[in-house]
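Trainee: I have a model to read and would like to practise. Can we go through it together?

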Amino acid sequence: MTLTHFNAAGEAQMVDVGDKAATRRVAVAAGLIRMDPKTLALIAQGGHRKGDVLGVARIAGIMGAKRTADLVPLCHPLALTRVAIELDACAADCAVHCRATVETTGQTGVEMEALCAVQVSLLTVYDMCKAVDRGMTIECVRLLEKTGGKSGHWSRTTGATA
């Protein structure tokens, strides 16, 4: 096993995907932001004076997925075919849960785009709510599943490529 973003001399490089087959690729990532119960209530009730926090965070996550190559230096710019962001205010956890599904047909995967979408969505929640709760924490951002490409299917639940 080798790190593909380094050449034989140990220098950073963008991976050459030119000879890879274009396949349908999907990645799903998730994470959450914990907060004070009063902050979560403001979000859930739509009572935040800045507006629809989850609606803005959803748009921000879509934009984050689309701009991943601008943020992560060695990522390829990709033509995404779908970005879906699910946000759920969960009173039991005092948190907003985020799940991003990103798809493309191309020569490289969309794991980074899904992870970036989650991070940007959760950062947007933080930004919109920091005036009332600076103690929020973004946690457990992780890849849940990926399909497509030479390595096939990987799932966090199975821990293996199938």
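Trainee: Which residues in helix 4 does helix 2 meet?

Mentor: This is a predicted model, so local features need pLDDT of at least 70, side-chain atom pairs count only at pLDDT 80 or more, and totals for chains, interfaces and linings use all residues. Numbering starts from 1 along each chain as its sequence is written, and side-chain values use heavy atoms, without hydrogens and water. Helices (DSSP runs of H or I, at least four residues) and strands (E, at least two) are numbered from the N terminus. Contact means heavy atoms within 4.5 Å. From helix 2, Val53, Val56, Ala57, Ala60, Gly61, Gly64 and Ala65 meet Glu113, Cys116, Ala117, Val120, Ser121, Thr124, Val125, Met128 and Cys129.

Trainee: How many residues of the largest nonpolar core come from helix 4?

Mentor: A nonpolar core is a set of buried Ala, Val, Leu, Ile, Met, Phe, Trp, Tyr and Cys residues joined through side-chain atoms within 4.5 Å. Buried means under 20% relative accessible area, with a 1.4 Å probe and protein chains only. The largest core has 27 residues. Helix 4 gives the largest share, seven residues.

Trainee: Why is strand 1 largely enclosed?

Mentor: Look at its burial. Strand 1 is largely enclosed by the rest of the structure because the buried residues among its 12 number nine.

Trainee: Which residue of strand 3 is the bridge partner of Ile33?

Mentor: Two strands pair if DSSP finds at least two bridges between them. Strands 1 and 3 pair in the antiparallel sense over 12 bridges. Ile33 has as its bridge partner Val96.

Notes. Buried < 20%, exposed > 50% of the residue type's maximum accessible area, 1.4 Å probe, protein only.
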